[in-house]
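Student: I have a structure open and would like to work through its charged pairs and its core. Can we take it step by step?

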Amino acid sequence: MSAYPSVADFFRDRYRPDRPELQSPRSFEDYEIQIRHFVAWWQSDPGRSGQPTIADVQREAIASAMAWLSSQGRSPSTVNKLLRVLKALAAHATEVYDLPPLKKVKPYKVPVRKPSAWTEEQLGE
């Protein structure tokens, strides 16, 4: 058994209580969704079993999880949400446990969408 809690347990028992700004149900839900994505990536590898621990949240794992999530058809914005959540959890874990700081992980480029506007003809219809 690992000396470190699972990512989900760390979020619930250590991170969330220390972060009052996450008391919003929407923030809580956003974090849980990204943690579920990370767990799904972890369990997609037949060589791994169980739940990832907070110590498993390292640069290589995050980059691999981001690539996996992208391959599942998720948008760059969604992939970057995963990165933001895992970076926040890893940063807090370095304060709580004797874990090395997270090395830099590059976010995905998000294409700038051109705003769609109606023409005057469309407005007149």
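Student: Which residue forms a salt bridge with Asp 45?

Tutor: This is a predicted model, and the cut-off for a salt bridge is a side-chain nitrogen of Lys or Arg within 4 Å of a carboxyl oxygen of Asp or Glu. For Asp 45, the closest N and O atoms of the pair are 3.5 Å apart. Asp 45 is partly exposed at 30% relative accessibility. The partner is Arg 48.

Student: Is Arg 48 buried, partly exposed or exposed?

Tutor: Buried means under 20% relative accessible area and exposed means over 50%. Arg 48 has a relative accessible area of 24%, so the residue counts as partly exposed.

Student: Which residues are joined into one network by salt bridges that share partners?

Tutor: A search of the whole structure finds five salt bridges. In one of them the side chains of Asp 9 and Arg 12 meet, at 3.1 Å from N to O. Those two residues sit three apart in helix α1, which means that about one helical turn separates them. The network joins Asp 9, Arg 12 and Asp 13.

Student: In which helix do Glu 29 and Arg 26 both lie?

Tutor: Glu 29 and Arg 26 form a salt bridge, with their closest N and O atoms 3.3 Å apart. Glu 29 is partly exposed, with a relative accessible area of 38%. The two residues are three apart, about one turn of the helix, and that helix is α2.

Student: Which element gives the most residues to the largest nonpolar core?

Tutor: The largest nonpolar core has 29 residues, and those with the most contacts inside it are Tyr 15, Phe 38, Val 57 and Leu 89. Two or more residues come from each of α1 (7–18), α2 (25–43), α3 (59–71) and α4. With nine residues, the element that gives the most is α4.

Student: Which residues gather in a patch of positive charge on the surface?

Tutor: One of them, Lys 104, lies in the loop between α4 (76–96) and α5 (120–124). Lys 104 has 65% relative accessibility, so this residue counts as exposed. The patch consists of Lys 87, Lys 104, Lys 106 and Lys 109.

Student: What separates the C-alpha atoms of Pro 20 and Val 39?

Tutor: Pro 20 is in the loop between α1 and α2. Pro 20 is exposed, with a relative accessible area of 60%. Pro 20 and Val 39 are 19 residues apart along the chain, and their C-alpha atoms are separated by 24 Å.

Notes:
Residues numbered from 1 in each chain as written. Predicted model: local features only at pLDDT ≥ 70, side-chain atom pairs only at ≥ 80, totals over all residues. Heavy atoms only, no water. Patch = residues over 30% accessible without salt bridge, like charges linked within 9 Å, V, L, I, M, F, W, Y side chains within 5 Å. Areas by Shrake-Rupley, 256 points an atom, 1.4 Å probe, with all protein chains shown as cover. Lys, Arg positive; Asp, Glu negative; His and termini not counted. Charge placed at Lys NZ, Arg CZ, Asp CG, Glu CD. Helix = DSSP H or I, 4+ residues; strand = E, 2+ residues; numbered from the N terminus. Buried < 20%, exposed > 50% of the residue type's maximum accessible area, 1.4 Å probe, protein only. Core = buried A, V, L, I, M, F, W, Y, C linked by side-chain atoms within 4.5 Å.
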